[in-house]
Amino acid sequence: MSLLSDLQAERDSKRAQVNSLESTLNQLNSELANLQAQYNSLCASLQEEIAELDRRTASLESQIADVKAQINELKARSGVA
Amino acid sequence: MAVKFTQIGSTGDCAFWSCLPFGSKIYFGTYGYPRAYNYPPWTLVKSFAAGESVPRITSFGGTIYCVTENKGYIYRMNSPTDWVVVHDDSWEYGLGMASLGSYIYAAFCHRGEDRTKILYSSNGTSWPVADDWNGGEIVVLVPYNGKVYALGRKGGFLTGKTWARRGTGTSWADVRALCPNVVGTWRAGVVFNGYLFLGMGDRSDGKTKVYRFDGTNLSGELFSISAFKSHYTCVCNGYMYWLFGPHMNQGSSSAVNYYLYRTPTGDAGSWEHLKTFSVNPVSSHGKYRTKGCVGCLNNEPYVAVQNKVYKMEGVALVYTCPYCGATFSSQAELDAHIASEHPTIKVTCPTCHSLLEVTLGGEGGFGDWGGYGSNLLTNPSAEEGWAGWTKDEDGGSIIICSDWPPPPGATGTCHFGLATTYGYAIPKAWQDVDVSGKASLIDRGCVRIKTSGWRGNWPEESDKNRLIFEYLDSYGKVITSYDTGWLGGGTEKTWNKYEDSRVIPVGCRKIRVRMEWKSISTHCSPRWDELFVQLSEREYIPEPTENLLCPVCGAYIEKGVSIKLLAEGEFITQLRQQINALEIQAAQLEKVIADVRLQIEEIKAKLGMG
């Protein structure tokens with residue numbers, strides 16, 4: 001009876017440990033999900049900013065090209081080589 | 001027995017004396033002034049021309065007839081509100097009435113004399129004398145085994161001896177077995193389960209006794225009660241009902257008792273008291289009078305006591321939770337409640353027989369369906385005549401016939417058929433299959449049924465028959481049914497099989513198989529043959545969550561189907577296996593948790609939350 005009782009107590013203890021671990025895992029999974037959501041949101045925001053900067057860079061490069069073209073045209077008219 | 005009686009009708013007259021189901025209604029005849037009522041709905045259909053009472057109503061030739069007392073009239077019903085006098089007798093007391101084969105019989109007594117005559121008629125209009133019996137009084141006529149039994153008394157009231165005659169047409173003789181040397185009167189008789197049951201009243205010991213007659217021998221007593229006489233009897237839904245009560249004439253209006261009993265067999269010890277009615281006799285024709293009767297319509301019993309008629313209904317059983325006292329209307333609802341609120345079951349320890357509780361882990365499950373068993377019907381293909389079947393020919397005639405080739409796979413040559421019927425008559429025959437022994441399995445949805453029958457078609461549009469399998473609860477109420485509906489028509493004599501299968505509904509305790517016929521012609525003959533009722537079962541499997549150690553004797557009990565006893569070594573092995581499995585599960589969880597923690601740290605670092 002003692003062996004059986006000990007084994008049953010150990011079984012019950014292990015079952016309680018498993019239940020506790022399952023509970024901990026659930027909490028951590030929940031925390032992880034929240035952090036991943038924050039991270040994903042931040043990444044999305046950064047990507048939007050990068051995209052905007054890319055658009056502005058392209059626009060400035062276009063303006064620079066126009067100015068360079070105008071300078072070259074003026075040089076040609078004035079006989080400056 | 002939980003029953004209730006709901007009043008469905010009454011009369012301003014003294015009492016009801018007789019009743020008869022016919023078509024879709026039950027008819028009642030009165031004492032005080034002769035009137036007829038029917039139900040449903042409760043309706044006064046006729047106040048007769050003259051007289052005192054309607055002692056008996058009988059069906060014949062597709063309609064009903066009645067006799068009246070203190071005016072020796074016989075009436076025939078043309079329609080519920082149109083009755084005509086078909087015989088006016090100088091003998092004032094019409095008492096008994098019955099039909100058998102091609103004849104209807106009526107018994108009349110002569111005022112002031114111990115003398116009875118029986119009239120008979122084949123057409124309902126001409127009533128010659130069948131028997132003129134000088135020496136006693138016939139109270140009731142009952143057809144049984146091909147003869148009409150005239151039951152009553154030889155000699156004067158309260159001094160004469162119980163006596164009976166039987167016969168057909170004009171051939172009548174005393175039935176010696178029914179003429180014991182006992183002061184009294186046969187007051188009521190009814191055919192049930194192949195026997196003629198008789199109630200003997202007017203006895204010097206103040207008791208009424210019931211006996212059984214098999215055509216040759218009288219046996220009993222089967223039942224005895226302190227009451228002056230049996231007022232009336234009938235058969236309803238597998239039971240024989242008897243109403244016992246007081247002497248017709250009372251000296252005052254002081255309350256008297258009527259006793260309603262029923263029995264499924266008639267055997268001694270099987271009689272169930274349903275209700276004692278304590279009522280006041282009503283003054284009529286110079287005295288305080290008592291009368292009552294019992295009848296049956298659509299498998300539901302009706303009882304009339306004095307001037308009120310009641311319908312008897314079963315009261316739904318209350319299923320009480322053994323743990324919290326909550327009540328439910330079915331075993332299934334109680335089971336669902338226990339499974340959700342008290343997830344335990346009781347298990348008997350196989351070693352010390354202690355009652356133990358085991359925690360349930362689910363709703364339980366089912367094993368596989370077993371094969372169908374043998375046919376549960378007695379005489380399913382008419383090879384033994386009508387053995388096992390109860391007939392109500394309703395004024396027509398149903399027969400065993402063998403003039404057609406049998407249906408495919410038939411076990412014999414005979415069929416159940418119809419000889420004649422008229423008008424609204426619906427001859428029928430039925431047989432009950434008792435499944436109450438499987439109640440616990442049925443109420444868990446563990447019994448399946450397969451029913452079938454072969455129908456022989458008679459190619460006349462007006463000739464129809466139907467087959468019904470009714471699933472009845474313990475009170476005889478129909479829970480559900482399989483009904484072929486009225487079948488007929490076509491141009492050929494053909495056999496067709498009708499079949500059904502289903503899980504027997506929760507609460508079902510009896511299956512009634514009923515064949516019916518109808519026709520407006522007189523030569524029809526649709527058939528039924530090869531009827532089957534077969535059952536198949538599956539096991540209910542409780543689902544306890546874990547093994548059990550009996551706290552009384554220390555035996556080890558395994559969860560699952562069989563709740564079987566384990567050896568100690570097996571039990572220890574199982575415990576260790578469980579511990580090992582839990583340890584592995586815990587280790588896996590810890591690893592997963594570590595991984596998740598790592599992911600969380602990485603994300604926090606990326607987010608600058610470190």
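Which classes of residue, nonpolar, polar or charged, make up the lining of the largest cavity? In this predicted model, the lining has 8 nonpolar residues and 1 polar residue, with no charged residues.

**Figure 1. The largest cavity and its lining in chain B.** The close-up shows a cavity that holds about 30 Å³ of space, and the count for the model comes to 1 cavity of 30 Å³ or more. Its lining is formed by B:F5, B:Y241, B:L260, B:V294, B:G295, B:P301, B:Y302, B:V303 and B:M312. Strands β29 (292–297) and β30 (300–305) of chain B each supply at least two of these residues, and β30(B) provides the largest share, with 3 residues.

**Figure 2. The second largest pocket, with a lining that includes charged residues.** This pocket has a volume of about 810 Å³, and of the 34 residues that line it, B:E69, B:L95, B:E137, B:R187 and B:M248 lie nearest its centre. Two or more lining residues come from each of the elements β6 (53–60), β10 (93–100), β14 (136–144), β22 (229–236) and β28 (287–289) of chain B. Among the contributing elements, β22(B) gives the most, with 4 residues. By class, the lining comprises 12 nonpolar, 9 polar and 13 charged residues.

**Figure 3. A nonpolar surface patch on chain A.** The secondary structure of chain A comes to 1 helix and 0 strands, and buried residues account for 12% of its 81 residues. The accessible surface of the chain comes to about 6100 Å², with 52% of that area belonging to carbon and sulfur atoms. On this surface A:L42, A:L46 and A:I50 form a nonpolar patch, and together they have about 250 Å² of accessible area. A:L46, one of the patch residues, lies in helix α1 (residues 2–77) of chain A and is partly exposed, with a relative accessible area of 42%.

**Figure 4. A salt bridge within helix α1 of chain A.** A:E73 and A:R77 form a salt bridge in which the closest N and O atoms are 2.8 Å apart. Because the two residues are 4 residues apart in helix α1, about one helical turn separates them. A:E73 is partly exposed, at a relative accessible area of 43%, whereas A:R77 is exposed, at 64%.

**Figure 5. Two salt bridges that involve residues of strand β20 in chain B.** The side chains of B:K209 and B:E221 meet in a salt bridge with an N to O distance of 2.9 Å. B:K209 lies in strand β20 (residues 208–213) and B:E221 in strand β21 (residues 218–225), so this pair ties together parts of chain B that are 12 residues apart in sequence. B:K209 counts as buried, at 8% relative accessibility, while B:E221 counts as partly exposed, at 38%. B:R212 forms a salt bridge with B:D267, and here the closest N and O atoms are 3.0 Å apart. This pair links distant parts of the chain, 55 residues apart, with B:R212 in strand β20 and B:D267 in the loop between β25 (256–263) and β26 (272–279). B:R212 counts as buried, at 15% relative accessibility, and B:D267 as partly exposed, at 34%.

**Figure 6. A network of salt bridges in chain B.** The residues linked in this network are B:R466, B:E470, B:D483, B:R514 and B:E516. Over all chains, the count of salt bridges in the model comes to 31.

Notes:
Residues are numbered from 1 along each chain as its sequence is written. Chains are lettered from A and ligands numbered from 1 in the order in which they are written. This is a predicted model: local features need pLDDT of at least 70, side-chain atom pairs count only at pLDDT 80 or more; totals for chains, interfaces and linings use all residues. Side-chain values use heavy atoms; hydrogens and water are left out. Buried means under 20% relative accessible area, exposed over 50%, partly exposed in between (1.4 Å probe, protein chains only). Accessible areas come from the Shrake-Rupley method with a 1.4 Å probe; for residues, only the protein chains shown count as cover. On a 1 Å grid over the protein atoms alone, a cavity is a set of points where a 1.4 Å probe fits but cannot get out, and a pocket is an open set with protein on both sides within 12 Å along at least five of seven lines; lining residues have an atom within 4 Å of a point. Grid points are joined across faces, edges and corners, and a volume is the space filled by probe spheres set on the points. Ala, Val, Leu, Ile, Met, Phe, Trp, Tyr, Cys and Pro count as nonpolar, Asp, Glu, Lys and Arg as charged, and the others, Gly among them, as polar. Patches are made of residues with over 30% relative accessible area and no salt bridge: like charges are joined within 9 Å, nonpolar side chains (Val, Leu, Ile, Met, Phe, Trp, Tyr) within 5 Å. A salt bridge is a side-chain nitrogen of Lys or Arg within 4 Å of a carboxyl oxygen of Asp or Glu.
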